Amino acid sequence: MGTTGKQIRLCDCNHSYSLDAAARACAGGDAALPVHHALCGRELPLLEADLAAGKQVAVSCTQELALFGELAESVGAAGQASFFNLRETAGWSAESTQATPKLAALIAAATALPEVEPVQGVQISAGRALAIVGEAGVALGWAERLAASFEVAVLITDRAGDAELPAGNAYPVWSGQPQSLTGHLGAFDLAWTQENPIDLDLCVRCHACVKACPEGAIGYDLQVDLGRCAGHRACVSACGEIAAIDFARRDTARNERFDLVLDLSAAPLLKRVEYPDGYAAPGRDPFDQALAVQALGEFVGEFEKPRYVAFEAGLCAHSRAKKPGCNNCIEVCSTEAIRSAGNVIAVDPYLCKGCGTCSTVCPSGALAFQYPRVTDVGLQVKTLLAEYTAAGGRDACLLFHAGEAGGKLIERLARRGRGLPARVIPVEVWSADAVGLDLLLGSIALGACQAAVLAAGSHDAAPLKAQAGHGAAILAGLGYAGEHLRVIDAMDTDDWRQLETALWDWAPAAGVARAASFRLLPKKRETLDLALRHLIAEAPAARTLSGLPAQIELKAGAPFGQVLATEACTLCMACTGACPAGALRAATDSYRLEFVEKNCLQCGLCVSSCPESALSLEPRLLLGDEPKRARALREADVFHCTSCGKPMGAAPIIQAMIARLSGHSMFASDAERARLSMCGDCRVIDMMKTENSLKAWDMKE
């Protein structure tokens, strides 16, 4: 095993598990790697010496990150050390004595893989302009507390109790009803309509209107209770030349831009699964409000966030000629970062938080997750499986999990339960929702007998389960016995028993007899093609008497399938122009609609573009070479002019035109209807012969 020149420091955490066998396996025949017992204590000088000497060091401990980080800073070696977890992921397990292959694999993946290429970032800058929206009392209360720390502005949406505007006009106060809130951290646009007759921007807070109102309809919050107002307009007279009160105001639209928004409304202004950074909607609970205010303060400054998703417009199957197609990514985006932009979608990198669900459900690969890239995860998986097998491991099960939420759950399982089984190899990713069908089937092709996704940290595991369902149907159809793919619904650290049960009660499934040698590719369809070819080549069903099935039925939403055409198809070829993947095409030698199933995304653009409603989708995986070949979906004879015999086009489309126009008033007589089946030249000649109108050659001076 190569280690890219890194100094490896293994620690068994005070002899709490054994690393000796794994250290020998990783050495590859040389002297075993040294195993430490208290690298965070009495053996710390060894690590200090490595860093001081300028070495790149890989340390098998994540518990003492703070200590090791301070040590690296003290010797000017920040960035020279990397850390990986062996204790909770392998060592602390009821099967720790059988975990040597997994330990060797985890050490290899942490030390031998090249550095991942950085992801392009998005720059964000946020100042202290804070909008506070809500009922007068609570909104003004928080404004008073925060005025010294933020550039606050208050939008009063409701009256409650005896609220009073501050005596000092230290910050803007408006009143009205919010209409929209758009934008992102550092650039939130708040729009509202002013419904209060008193313009608080113009008001000097002299309270003359309060004293003048005979009904007491104006409170000390300078809001007019229109239900009590009798229309005396004494307040208008009292306001005088200030002219802040106008009961007939027409210009009521207002808008302002803010860096941050504290929404104290009972119902949040933003109706989203996940809010954008810089926006907080804590509701009415004072403690939650305090926590929200504290969190907002952390967003002031300049930041760089990853551009989590790459988008290739040429592969997008969203729309064609204003006809709707695939909306998968828009429907699953929890932050509303994806919107329609004509024929393609647009991704707002400022709103995107990197859940990756969009890339999972995208059938074409137009959206590709970048943090990390599938190629990087694929190389890690390939290394883990190869090292695990080389060290004598069998029945490898990969456990994909989100680094933070999933990692904490695995740590809790190791501390309180049986830990991970020796054959379960954890693979950390940024978001579990980004583990798509290409990665799941690719892992099985590369030699894993099973792949699980821990849903901890997921916003909605349903899309992930749907993808796993498609993969499971394909593997079962190919004859691979057992359950290969599983999404585990354990969501937080308290669910560690659920994770334990899901892994320890899971019997190994049948895997490939020969692991694939390919690498996962950047393009989703290419990776799926490689994985499927290998899985089909190694399929157990091929070695049975019945052999491989001709096709495998899949559920709706699968990225594979065929298009069906009924007799209603007129061969207008509108579908060929709409198809983004070249699955539908017009033949060049005759009137024939051809279909290449391998290219079909099941996006539905052809169905929505068909004027005759003649097309439908059927999800399936067709095996063999037939999916690569073009086959006739609909073919028709040529329609010839009934007068001269000249070819006019495909018979169905001409016949459909004749049927539609026959009832028109322009074709009331038999002679007029007969012209519909003539070519353009013959139609003119027939009109000249039969009509009684004046001809040019009959005209006389």
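Gln194 lies in the loop that runs between strand 10 (187-193) and helix 7 (208-212). The model in which this loop is seen is a predicted one. Gln194 has a relative accessible area of 9%, and because residues under 20% count as buried, Gln194 is classed as buried.

The surroundings of this side chain can be described in terms of polar contacts and general contacts. The side chain of Gln194 reaches the backbone oxygen of Asn196 at a distance of 3.3 Å. The side chains of Gln194 and Arg254 are also joined, by a polar contact of 3.3 Å. When neighbours within four places in sequence are set aside, the residues in contact with Gln194 are Ser175, Gly176, Asp199, Arg249, Thr252 and Arg254.

Helix 6 offers a second view of burial. This helix spans residues 136-146, and its buried residues are Ala136, Ala139, Leu140, Trp142, Ala143 and Leu146. Viewed down the axis of helix 6, these buried residues fall within an arc of 160 degrees, so they line one face of the helix. The background to such a pattern is that an α-helix has 3.6 residues a turn, so residues three or four places apart point the same way. The buried residues of helix 6 are covered by elements that include strand 6 (129-135), strand 7 (151-158), strand 8 (173-175) and helix 9 (286-297). At the start of helix 6, the backbone nitrogen of Gly137 has a side-chain oxygen of Glu135 within 2.5 Å.

The remaining features concern helix pairs. Two packed helices are described by the angle between their axes and the distance between the axes. Helix 5 (residues 100-111) packs with helix 12 (residues 374-390) at an angle of about 145 degrees, the axes being 8 Å apart. Their crossing is right-handed. Helix 5 contributes Pro101, Lys102, Ala104, Ala105, Leu106, Ala108 and Ala109 to the contact, while helix 12 contributes Gln380, Thr383, Leu384, Glu387 and Tyr388. By class, the residues of this contact comprise eight nonpolar, two polar and two charged.

The other pair is formed by helix 14 (residues 437-445) and helix 15 (residues 462-477), whose axes come within 9 Å and cross at roughly 35 degrees. The crossing of helix 14 and helix 15 is right-handed. On the side of helix 14, Leu437, Leu440, Leu441 and Ile444 take part, and they meet Gln467, Ala468, His470, Gly471, Ile474 and Leu475 of helix 15. The contact of helix 14 with helix 15 has seven nonpolar and three polar residues, with no charged residues.

Definitions and conventions: Residues are numbered from 1 along each chain as its sequence is written. This is a predicted model: local features need pLDDT of at least 70, side-chain atom pairs count only at pLDDT 80 or more; totals for chains, interfaces and linings use all residues. Side-chain values use heavy atoms; hydrogens and water are left out. Buried means under 20% relative accessible area, exposed over 50%, partly exposed in between (1.4 Å probe, protein chains only). Helices (H or I, at least four residues) and strands (E, at least two) are DSSP runs, numbered from the N terminus. The arc is that of the directions from the helix axis to the C-beta atoms. Contact means heavy atoms within 4.5 Å. A polar contact is a pair of N or O atoms within 3.5 Å; within protein, one must be able to donate a hydrogen and the other to accept it, and residues adjacent in sequence count only if both atoms are side-chain atoms. Axes are lines fitted to C-alpha atoms, for helices over the stretch in contact, and angles run from 0 to 180 degrees between N-to-C directions. A crossing is left-handed if the near helix is turned anticlockwise from the far one by less than a right angle, and right-handed if clockwise. Ala, Val, Leu, Ile, Met, Phe, Trp, Tyr, Cys and Pro count as nonpolar, Asp, Glu, Lys and Arg as charged, and the others, Gly among them, as polar.
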